[in-house]
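Work through the exercises below with the sequence and the structure open beside you. Try each task before reading its solution.

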Amino acid sequence: MEGGKLKMKLFNWFRDRQLNQIVEDLVSRDEKCQELIARIESTYKFKMRPLNLNSISSYFLIDMLERAFTEGNIHTLPSETVALDVGIGKWRYAPALLAFLKSWKESRKVYLGGIDFPSRHHKKSVIQLQEKWDLDVHWNDVMDLNQESKYDIIFLIHMLSGPRHCRSFKVPYHRPSSMFPHIQSLGKPSSLLVVVAYTWAGESAIINYFARESRLTEFVYWPQIGKELISVAENRFGFHDNRICISKSPYVDLEACKEQEKETEEWDALLDKTLGH
């Protein structure tokens with residue numbers, strides 16, 4: 001490993017270790033966060049320790065999904081629910097996602113699958129989760145996934161959708177006007193689409209690709225926790241300050257999709273020109 005990369009890796013390790021210690025201390029003194037954790041552990045039979053950056057973020061994910069499914073009047077799921085998560089990365093939140101789906105109302109059996117481009121950095125983490133939780137993982141381009149009308153729920157959680165974003169992670173860019181209709185075809189006629197995005201404009205714009213009339217609920221999520229913990233969360237947690245939207249099929253509005261696609265591509269081209277890329 002090159003000297004510069006090794007220094008950066010060590011710096012990130014020490015920084016995360018220090019932040020984790022801060023988080024554990026803040027959680028132990030934050031009554032609101034303790035109440036949230038206790039409620040989720042009791043309701044969803046989900047528990048992660050130690051209470052560090054990754055585990056607290058997973059509790060936030062369950063809390064956010066619970067509110068979204070409640071506000072969207074999603075009272076039941078199929079007794080055998082087949083779900084797909086597109087763009088999984090290290091998939092650290094997979095156990096939380098599985099716990100939520102298994103415990104939501106009348107759902108009894110859940111088959112959770114994920115898909116992403118193969119990455120040596122991510123693959124080791126995902127394989128460990130796959131073996132422990134019996135997850136179905138596809139190391140492939142979602143455009144090559146040929147499983148029409150298979151899934152009850154499709155998740156797009158912090159998914160890459162713009163040209164610059166995809167290029168920065170070195171993955172192919174597919175125009176949403178082609179990609180999202182294909183993703184919709186993977187779902188059953190009664191399927192749900194759950195989109196979670198950070199609130200900054202470059203990512204939350206992904207929700208604009210989908211038809212407004214198909215949306216069951218949409219809101220910005222912030223966990224009900226103390227101010228000190230929020231100040232740490234602002235920079236590090238994955239499932240706070242997120243925009244979430246749940247839509248029912250058919251949820252792709254091709255005209256709206258093309259309009260947002262054009263706007264995003266023009267904006268990314270302007271940024272490239274401005275930044276000299």
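The exercises cover nonpolar cores and salt bridges in this predicted model.

**Exercise 1. The largest nonpolar core**

Task: State how many residues the largest nonpolar core has, and which residues have the most contacts inside it.

Solution:
- Step 1. The largest nonpolar core has 54 residues.
- Step 2. Leu-65, Phe-69, Trp-91, Leu-101, Phe-155 and Val-194 have the most contacts inside this core.
- Step 3. Helix H3, residues 53-71, gives the most to the core, with 10 residues.
- Step 4. A second core of 25 residues is separate from it and includes Ile-154, Met-179, Ile-207 and Cys-257.

For background, nonpolar side chains tend to be buried together in soluble globular proteins.

**Exercise 2. The surroundings of Phe-69**

Task: Leaving out residues up to four places away in sequence, find which residues Phe-69 touches.

Solution:
- Step 1. Set aside the residues up to four places away in sequence, since they are not counted.
- Step 2. Phe-69 then touches Ile-74, Leu-77, Phe-100, Trp-104, Ile-153, Val-194 and Ile-246.
- Step 3. Compare this with the core: Phe-69 and Val-194 are both among the residues with the most contacts inside it.

**Exercise 3. A salt bridge within a helix**

Task: Describe the salt bridge between Asp-25 and Arg-29, and say how the two residues are placed in helix H1.

Solution:
- Step 1. The closest N and O atoms of Asp-25 and Arg-29 are 2.8 Å apart.
- Step 2. Both residues lie in helix H1 (residues 3-29); because they are four residues apart there, about one helical turn separates them.
- Step 3. Asp-25 is partly exposed, at 40% relative accessible area, and Arg-29 is partly exposed, at 49%.

**Exercise 4. Salt bridges between elements**

Task: For the pairs Arg-39 with Glu-66 and Arg-243 with Glu-218, say which elements are tied together and whether each residue is buried or partly exposed.

Solution:
- Step 1. In the salt bridge of Arg-39 and Glu-66, the closest N and O atoms are 2.5 Å apart.
- Step 2. Arg-39 belongs to helix H2 (residues 31-44) and Glu-66 to helix H3, so the pair ties together parts 27 residues apart in sequence.
- Step 3. Buried means under 20% relative accessible area. Glu-66, at 19%, is buried, while Arg-39, at 31%, is partly exposed.
- Step 4. Arg-39 and Glu-66 are also linked with Asp-63 in a network of salt bridges.
- Step 5. Arg-243 and Glu-218 meet at 2.5 Å, N to O.
- Step 6. Arg-243 is in strand E7 (residues 242-248) and Glu-218 in strand E6 (residues 215-221), so this pair ties together parts 25 residues apart in sequence.
- Step 7. Arg-243 is buried at 17%, and Glu-218 is partly exposed at 32%.

Terms used:
Residues are numbered from 1 along each chain as its sequence is written. This is a predicted model: local features need pLDDT of at least 70, side-chain atom pairs count only at pLDDT 80 or more; totals for chains, interfaces and linings use all residues. Side-chain values use heavy atoms; hydrogens and water are left out. A nonpolar core is a set of buried Ala, Val, Leu, Ile, Met, Phe, Trp, Tyr and Cys residues joined through side-chain atoms within 4.5 Å. Buried means under 20% relative accessible area, exposed over 50%, partly exposed in between (1.4 Å probe, protein chains only). Contact means heavy atoms within 4.5 Å. A salt bridge is a side-chain nitrogen of Lys or Arg within 4 Å of a carboxyl oxygen of Asp or Glu.
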